[in-house]
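Student: Could you take me through one spot in this model up close, and then step back to the chain around it? I'd like one connected answer rather than a list.

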Amino acid sequence: MAEAHQAVAFQFTITPEGIDLQLSYQALNQIYLSGVRSWKKRVSRLRNGVIKGVYPASPSSWLFVVIAILATMYMRSDPSMGMITKIQQHLPLSLHVSLSAQGQTMLSALLFSTLLWLSLILALRFCLKLLLSYHQWMFEQHGRVSNTTKIWVSLLRLLSSRKPLLYSYQTSLPHLPVPAIKETLSRYLLSARPLLTDEGYERMTKLATQFENNLGNRLQRYLKLKALWATNYVSDWWEEYIYLRGRGPIMVNSNYYGMDFLYVTPTTVQAARAGNTITALLLYRRKVNREELKPSRVPGTVIPLCAAQCERMFNTTRTPGEETDVLQHWQDSEFIAVYHRGRFFRLWVYRAGRLLSPREIEHQIQRILEDPSTPLPGEEKLGALTAGDRVPWAQIRKQYFSSGINRRSLDIIERSAFFVTLDDESRA
């Protein structure tokens with residue numbers, strides 16, 4: 001695999017006088033800046049975790065609750081109905097010794113205010129979940145909205161008035177309801193009826209009744225038990241047993257991709273268009289990481305949709321296995337993988353902690369396009385392995401990509417933010 005950027009942090013040689021160590025300060029600076037960027041992301045995740053953890057309230061609302069409680073106490077009134085006094089009595093003995101009576105009262109008031117604030121947040125989130133569990137709006141006639149739905153929309157907008165982050169609604173979304181087994185079997189028979197003869201349909205009806213009276217009821221109880229603690233009782237099973245255990249090709253059946261087919265073409269220069277597209281994707285990834293995107297909603301409504309899959313849009317790969325594949329996700333990746341004329345390149349998109357500009361990425365892409373090197377033996381057709389069935393690819397991966405340069409090269413491809421293919425022929 002060719003690389004557009006490579007740095008070695010240090011080199012050393014053993015001499016009769018001892019070890020001669022040579023440091024590359026540029027590489028060490030890159031390591032330092034990469035660490036700073038990583039810590040900035042951690043701080044950002046921590047901040048976002050606090051903001052979405054108290055949604056639909058805000059962290060600053062804690063201060064308003066504290067001020068309200070203290071102001072009420074200043075007016076010689078006890079808003080806690082004796083709770084502050086009880087908290088003060090149960091403070092550790094060391095605090096009784098080190099703090100004055102006024103300080104103990106102040107600390108007890110802060111603890112009570114915090115507990116009250118947390119209780120209000122839980123109540124608001126419970127109310128939001130109840131509102132999101134309302135489904136009658138789906139059955140309203142166009143142009144004839146009932147008063148109940150109008151009140152529901154107003155309350156939902158009121159609770160969602162504060163600007164939400166991408167994942168703010170995740171803990172407030174209602175659990176996926178478990179349909180009754182009789183309803184499930186009825187729908188199954190209805191869908192199977194056009195495919196069966198009268199005799200076959202009668203036999204299938206008897207089998208459905210036997211299933212409902214025996215094994216079905218037991219499985220239904222297990223399903224309801226899982227639905228009590230799982231937000232979506234289907235998603236993990238579907239991912240494991242349907243998606244990851246599919247042994248067919250994933251290139252056209254599962255993988256998603258994007259093409260640079262624009263209605264307006266600002267330039268016909270391939271490198272420039274690639275630079276703009278890559279930058280746009282990286283800026284979008286930054287918004288996903290910072291949770292700056294608005295949550296997706298049901299079109300034309302205020303109903304939020306689950307955003308759990310957004311975090312795996314980038315830095316994610318599906319590793320083949322003989323029985324089941326494995327999804328691997330990395331928190332960050334500072335490079336992308338580029339394919340051109342049978343060759344794979346690693347292209348770094350950050351320098352000194354800064355995202356490269358479209359012009360800088362265009363320059364790197366142009367170098368790849370003008371690179372006269374030929375593919376290494378076996379490199380040109382390597383992509384065909386991911387286009388076939390999963391079992392042969394898993395076996396070949398274990399045999400030929402478990403060590404050495406093949407493993408390192410494949411690891412770089414899979415750890416990239418995303419994969420870019422540069423066509424060498426015009427598609428116009």
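Tutor: Here is a close look at Asp325, followed by some backbone oddities and the chain as a whole.

Keep in mind that this is a predicted model. Asp325 sits in the loop that joins strand 4 (316-319) to strand 5 (326-329). Is Asp325 buried or exposed? Its relative accessible area is 2%, and since anything under 20% counts as buried, Asp325 is buried. What does the side chain of Asp325 pair with? There is a polar contact to the side chain of Arg318, at 2.6 Å. Going by the residue ranges, Arg318 belongs to strand 4. If you skip the neighbours within four places in sequence, the contacts of Asp325 are Leu244, Arg247, Arg318, Thr319, Pro320 and Arg390.

Strand 4 has another loop worth a visit, the one between helix 10 (270-290) and strand 4, and Glu291 lies there. Glu291 has phi near 60°, which is positive even though the residue isn't glycine. Most residues other than glycine have a negative phi. Glu291 also counts as buried, at 5% relative accessibility.

Arg341 is a second non-glycine residue with a positive phi, near 50°. You'll find Arg341 in the loop between strand 6 (335-340) and strand 7 (343-348). With a relative accessible area of 39%, Arg341 is partly exposed.

One more backbone feature is a peptide bond: the link from Tyr55 to Pro56 is cis, with omega near 15°. Most peptide bonds are trans. Pro56 is in the loop between helix 1 (25-53) and helix 2 (61-74).

Now zoom out. The protein chain has 13 helices and 10 strands. Its radius of gyration is 30 Å, whereas a compact globule of 428 residues would come in near 22 Å. Along the principal axes, the C-alpha trace spans about 85 × 80 × 50 Å. Buried residues account for 31% of the 428, Asp325 being one of the buried ones. Of the contacts in the chain with a separation of 6 or more, 69% link residues 24 or more positions apart.

As for the outside, the accessible surface is about 28,400 Å², and carbon and sulfur atoms supply 61% of that. The chain carries 51 positive and 34 negative charges, and their mean positions are 9 Å apart.

Technical notes. Residues numbered from 1 in each chain as written. Predicted model: local features only at pLDDT ≥ 70, side-chain atom pairs only at ≥ 80, totals over all residues. Heavy atoms only, no water. Helix = DSSP H or I, 4+ residues; strand = E, 2+ residues; numbered from the N terminus. Buried < 20%, exposed > 50% of the residue type's maximum accessible area, 1.4 Å probe, protein only. Polar contact = N/O pair within 3.5 Å; in protein donor to acceptor, adjacent residues only side chain to side chain. Contact = heavy atoms within 4.5 Å. Rg over C-alpha atoms; globule rule 2.2 N^0.38 Å. Areas by Shrake-Rupley, 256 points an atom, 1.4 Å probe, with all protein chains shown as cover. Lys, Arg positive; Asp, Glu negative; His and termini not counted. Charge placed at Lys NZ, Arg CZ, Asp CG, Glu CD.
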